[in-house]
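What follows is a short report for a reader who meets this structure here without earlier acquaintance. Please look over the sequence and the structure before reading on.

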Amino acid sequence: MKMEEMSLSGLDNSKLEAMAHEIYTDLIDDACLGLCFEVHRAVKCGYFLLDETDPESMKDFEIVDQPGVDIFGQVYNQWKNKECVCPNCNRSIAASRFAPHLEKCLGMGRNSSRIANRRIASSNNMNKSESDQEDNDDINDNDWSYGSEKKAKKRKSDKVFLHSLKQPGFVNPNSPRRSKSIKHKNGELSTGSSDPYKYTYNSGINYETLGPEELRSLLTTQCGVISEHTKKMCTRSLRCPQHTDEQRRTVRVFLLGPSASLPEPEPSVENDSYDPSENQALMSRLQWDGSSDISPSDSASSKTSTNNSESKKTKKKKPHLGLSSGSGSGSGSSQQGLGSSSTKKKKPKLLAPPTPSIYNDIN
Amino acid sequence: MSKEAQMRATINQKLIEMGERERLKELLRAKLIECGWKDQLKAHCKDVIREKGLEHVTVEDLVAEITPKGRALVPDSVKKELLQRIKTFLAQHATL
């Protein structure tokens, strides 16, 4: 054994290499032999030459390598520009739109029955509540917009409507206000179009097309705030929570001129009750940040607040905390109150007088 | 028996016993298919068969024609890798 070990360690690399090469050659021979057996068997069994074709067929199915054509030689958008004539309505429809059109035209298929049901439901609603024209808008919306079918289903099934305010100017079909909507004129709107092929999207009114008289009448009944994205007036009620009274006032000023009367009969009744709490909230807001974002409303309520500031002085210091905490909760409602009060009164800014009084109170 | 021959026999025995030879064989086969060696050789077979006539081909004919060509057609990368593996094995197991 020792002799072998010595011989092994004494083996130089060339011998190792030779051995390795020999092993390698054996392996290659094995591979070749394997292939020979395979081929021989294929020949004898008759399946060796099966994958051969004659040269003519080879030419027929040759791979095509031209531009504008796929490897089979077919043109890519061959059917894009072709138009088919609908056998039902005899209109010429684009090929890619033909199948959906046929579905609606014949009145078969899932979508068409759904849309028809919705139209029936909405027309029933229209008969029940007059001038609920927003529904019609919504039908047209549903034809047009994605995911509208879910909302329509929900609307039919839920008797309790959920009022969701997620986007400004978005017409929510589930809003309870829609069923008890205020009567308003939508003279210029192309609503009630029963033509299923026209998709009109109207969530509001385009103020440019309306005359001043129509505008005035519209603004007496609707919110009318012009949306940033669509440049259309909001068709919701005067108390629509998506827009503040300040916005409504601005729109009215913008559309009817600075001397326009601001018709807000409803909120004015509540204003009287808001005044004291709103002024306290205002004071505390001035105290917190003194920011100018509520300055226009400052001007309106500051005069009234000066009247109240004296009464404030007589109050104890502890209620300050109460005020601030009250303002925190009341600030949400006070905003509306502020806005509404400002629409009533137009007064110059008087910021200086209130603030010293507040700081006196702190000290 | 010379020591070298004895060594060789031992090594071969070890290769088989440890299953290394089988592994090497599979590896080689896979690599040869991958690099297209098998298809090349099959085309050569077709020529041989056409030469000899489909009915009269024997295994021996094929082997005699194919093996030398097969040996020559192995790509260098495959050869190198296989030799490397074998040498590694030898280095590990040549010292008994």
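A:D30 forms a salt bridge with B:R21, and in this predicted model the closest N and O atoms of the pair are 3.3 Å apart. This pairing belongs to a boundary between chain A and chain B at which the count of salt bridges is 7, while the count of residue pairs in polar contact, with both residues at pLDDT 80 or more, is 8.

On the side of chain A that touches chain B, two helices, α1 (2-10) and α2 (13-45), each supply at least two residues. The largest share of that side comes from α2(A), which gives 26 residues. Sorted by class, the side of chain A that touches chain B has 20 nonpolar, 4 polar and 12 charged residues.

How many residues of each chain are in contact across this boundary? There are 36 residues of chain A in contact with 43 residues of chain B. The area buried between chain A and chain B is about 3,600 Å², and carbon and sulfur atoms give 74% of that area. Within chain A, the residues that lose the most area to chain B are A:Y24, A:L27 and A:L35, which together make up 17% of what that side buries.

Turning to the chains themselves, the table sets out some overall values for each of them.

| Chain | Residues | Buried residues | Helices | Strands | Accessible surface |
|---|---|---|---|---|---|
| Chain A | 363 residues | 35% | 13 helices | 4 strands | about 22,500 Å² |
| Chain B | 96 residues | 29% | 5 helices | 0 strands | about 5,900 Å² |

Chain A contains both kinds of element, with 13 helices and 4 strands, whereas the elements of chain B, followed from the N terminus on, run α-α-α-α-α. Carbon and sulfur atoms account for 55% of the accessible surface of chain A, and in chain B these atoms supply 50% of the exposed area.

The contacts inside each chain can also be described by how far apart the partners lie in sequence. Among contacts in chain A between residues at least 6 apart in sequence, 57% join residues that are at least 24 apart. In chain B, of the contacts with a separation of 6 or more, 73% are accounted for by residues 24 or more positions apart.

Conventions
Residues are numbered from 1 along each chain as its sequence is written. Chains are lettered from A and ligands numbered from 1 in the order in which they are written. This is a predicted model: local features need pLDDT of at least 70, side-chain atom pairs count only at pLDDT 80 or more; totals for chains, interfaces and linings use all residues. Side-chain values use heavy atoms; hydrogens and water are left out. Buried means under 20% relative accessible area, exposed over 50%, partly exposed in between (1.4 Å probe, protein chains only). Contact means heavy atoms within 4.5 Å. Accessible areas come from the Shrake-Rupley method with a 1.4 Å probe; for residues, only the protein chains shown count as cover. Buried area is the accessible area (1.4 Å probe) that two parts lose on being put together, summed over both. A salt bridge is a side-chain nitrogen of Lys or Arg within 4 Å of a carboxyl oxygen of Asp or Glu. A polar contact is a pair of N or O atoms within 3.5 Å; within protein, one must be able to donate a hydrogen and the other to accept it, and residues adjacent in sequence count only if both atoms are side-chain atoms. Ala, Val, Leu, Ile, Met, Phe, Trp, Tyr, Cys and Pro count as nonpolar, Asp, Glu, Lys and Arg as charged, and the others, Gly among them, as polar.
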